[in-house]
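Reader: I'm new to reading protein models. Could you take me through this one and explain the terms along the way?

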Amino acid sequence: MKKMHFREWGIESPRYWGLLAILAGIMSIAGIAWYYMEHNGHWVTGMNNHVVWGTPHVFAVFLIVAASGALNVASIASVFGKKDYKPLAPLSGLLAITLLVAGLLVLVLDLGRPDRLIVAMTHYNFKSIFAWNIYLYTGFLAIVVIYLWTMMERKMNRFTKAAGTFAFVWRLALTTGTGSIFGFIVARQGYDAAIYAPMFIVMSFAFGLAIYLLVLMFAFDWDKRELGEKLFLRL
Amino acid sequence: MSDKTNLARRNFLSKLPAAAATAAIAPGAVLHSKDASSAPRSEPVTSKVRWGMLVDANKCADGCSACVEACNKENGLDIHTNPAGADVDSTKWDQQKPVWMRSVKLKDLQSGKITNLPMMCQHCEHPPCQDVCPTGASFRRADGVVLVDRHTCIGCRYCMMACPYKARSFIHENVDIKPTLAPRGKGCVESCTFCVHRLDNGQTTTACQDACAKEGHHAIIFGDLNDPESQVAKALEKYPNQQIRDDLKLNPGVHYTGI
């Protein structure tokens with residue numbers, strides 16, 4: 001295989017800045033929505049004492065689960081040694097971080113007291129899956145950053161497989177942890193089931209890969225590059 | 001001008017560093033030791049006592065809500081109002097406002113028998129809310145009262161998901177009036193405290209129990225489950241009773257009879 005070269009995205013600058021502006025616009029709407037909720041309280045969301053967790057949790061859990069799945073392509077390249085996927089691996093790691101940060105943001109902003117995040121990071125009850133997840137999520141971010149570094153820095157390339165394997169094991173633990181949030185809710189029969197952890201792992205494979213493919217298709221399409229059917233059909 | 005040195009000033013200056021150090025390092029310790037003799041509430045509660053309750057559903061009258069009203073009044077839930085700007089859709093507010101005690105009506109579809117009972121925090125021996133709380137804000141006191149530490153609650157509401165009794169409420173809105181006995185603020189979770197402010201002041205009844213007795217129903221008996229001479233222990237021995245969702249093996253402090 002030829003040597004990899006990392007280059008900037010081959011689209012015209014106005015298009016690039018335009019895309020960023022649109023995304024910034026969406027983010028500022030989200031910011032205003034959050035400010036509105038935080039200022040008035042959760043009653044504006046329609047959640048209540050019976051519907052305890054609502055739309056924010058659907059989004060947060062989806063994004064977190066998709067985050068670990070977005071790492072699939074990198075794992076295929078470095079853990080399972082399929083060289084063809086190597087050029088696609090950095091995007092995979094980057095997407096994983098992005099999705100996880102997005103999911104955590106939603107989760108944190110949904111807290112009744114997001115200002116007490118420092119409390120969540122200094123007081124732990126390790127009987128709670130949530131407390132474990134705080135470590136699983138932040139640990140995942142750190143590991144994927146290191147993993148990306150081993151991919152992008154040629155001197156570090158020899159550690160890519162080790163970092164990738166560790167990240168792969170960690171992402172399985174992370175999704176198990178996320179599934180266990182629901183799997184251990186004994187009080188609600190709709191949740192209380194051991195199937196939640198494996199189900200979340202399977203869902204993460206599907207969601208994460210789907211988001212990865214969509215982003216990849218979009219990026220190639222704007223760049224007017226051919227992706228090729230071979231890669232797609234295999235994934 | 002006198003030759004006498006002003007000792008008051010000198011004493012003041014010499015004591016200043018010690019006072020400053022005390023104020024900076026150990027205000028809690030000094031305040032605590034000064035308070036120790038004044039009231040028993042400065043001593044930690046022990047597991048010698050386990051507060052609990054027996055609810056006699058046979059005596060719980062249909063249409064009576066004295067216990068719920070007394071609870072609301074005692075804990076300032078009655079002065080908690082619909083947030084400004086909210087629509088007047090009362091069903092929405094009914095589901096969002098904090099409720100510590102609910103009046104539940106059950107109907108047996110086969111026999112048609114109607115049962116009324118109050119439902120609130122069951123003060124479990126093994127509370128699921130305590131297990132799932134990421135910060136340890138949900139906790140169980142040694143004397144069996146399950147509480148929320150409002151200083152460490154981050155409002156994640158996992159405890160509400162984990163409670164089999166739907167006993168907990170989240171404060172969805174800004175709070176204008178903060179009652180001394182049950183101060184509340186937006187974004188934290190709370191629930192029945194077994195009127196812990198009364199227990200800590202040496203009283204042995206809850207507001208709901210008093211209200212029920214005042215109505216003449218006497219459906220609620222509260223007391224120390226560990227004391228075989230207590231009214232509640234005697235009643236538990238006398239009447240067949242059960243704990244709700246006893247399949248979960250949480251050993252709630254609240255028992256029911258006649259359900």
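Author: Happily; here are some questions and answers on helices, cores and the contact between two chains. This is a predicted model, in which local features need pLDDT of at least 70, side-chain atom pairs count only at pLDDT 80 or more, and totals for chains, interfaces and linings use all residues. Residues are numbered from 1 along each chain as its sequence is written, while chains are lettered from A and ligands numbered from 1 in the order in which they are written.

Reader: What makes residues 89-110 of chain A a helix, and how far does the helix reach?

Author: Helices are DSSP runs of H or I with at least four residues (strands are runs of E with at least two), numbered from the N terminus. Helix α4 of chain A has 22 residues. From first C-alpha to last, α4(A) reaches 32 Å, close to the expected 32 Å; the expected span is 1.5 Å times one less than the number of residues.

Reader: Why are the buried residues of α4(A) said to be on the same side?

Author: A residue is buried if 20 or more other C-beta atoms lie within 10 Å of its own, exposed if 12 or fewer, and partly exposed in between, with C-beta atoms placed from the backbone. The buried residues of α4(A) include Ala89(A), Leu99(A) and Asp110(A). They cover an arc of only 165 degrees around the axis, so they are on the same side of α4(A); the arc is that of the directions from the helix axis to the C-beta atoms. They pack against α2, α3, α6 and α8 of chain A.

Reader: How do you know that helix α3 of chain B is largely enclosed?

Author: Seven of its nine residues are buried, so α3(B) is largely enclosed by the rest of the structure. Among the buried ones are Cys67(B), Asn72(B) and Glu74(B). Their cover includes β2, β3, α8 and β8 of chain B.

Reader: What makes a group of residues a nonpolar core?

Author: They must be buried Ala, Val, Leu, Ile, Met, Phe, Trp, Tyr and Cys residues, joined through C-beta atoms within 7 Å. The largest such core has 70 residues, and Val55(B) and Cys67(B) are among those with the most contacts inside it. Apart from it lies another core of 40 residues, including Ile76(A) and Leu136(A).

Reader: How many residues of each chain are in the contact?

Author: Chain B gives 33 residues and chain A gives 26, where two residues are in contact if their C-beta atoms, placed from the backbone, lie within 7 Å. On the side of chain B that touches chain A, α6(B) gives the most, with four residues.
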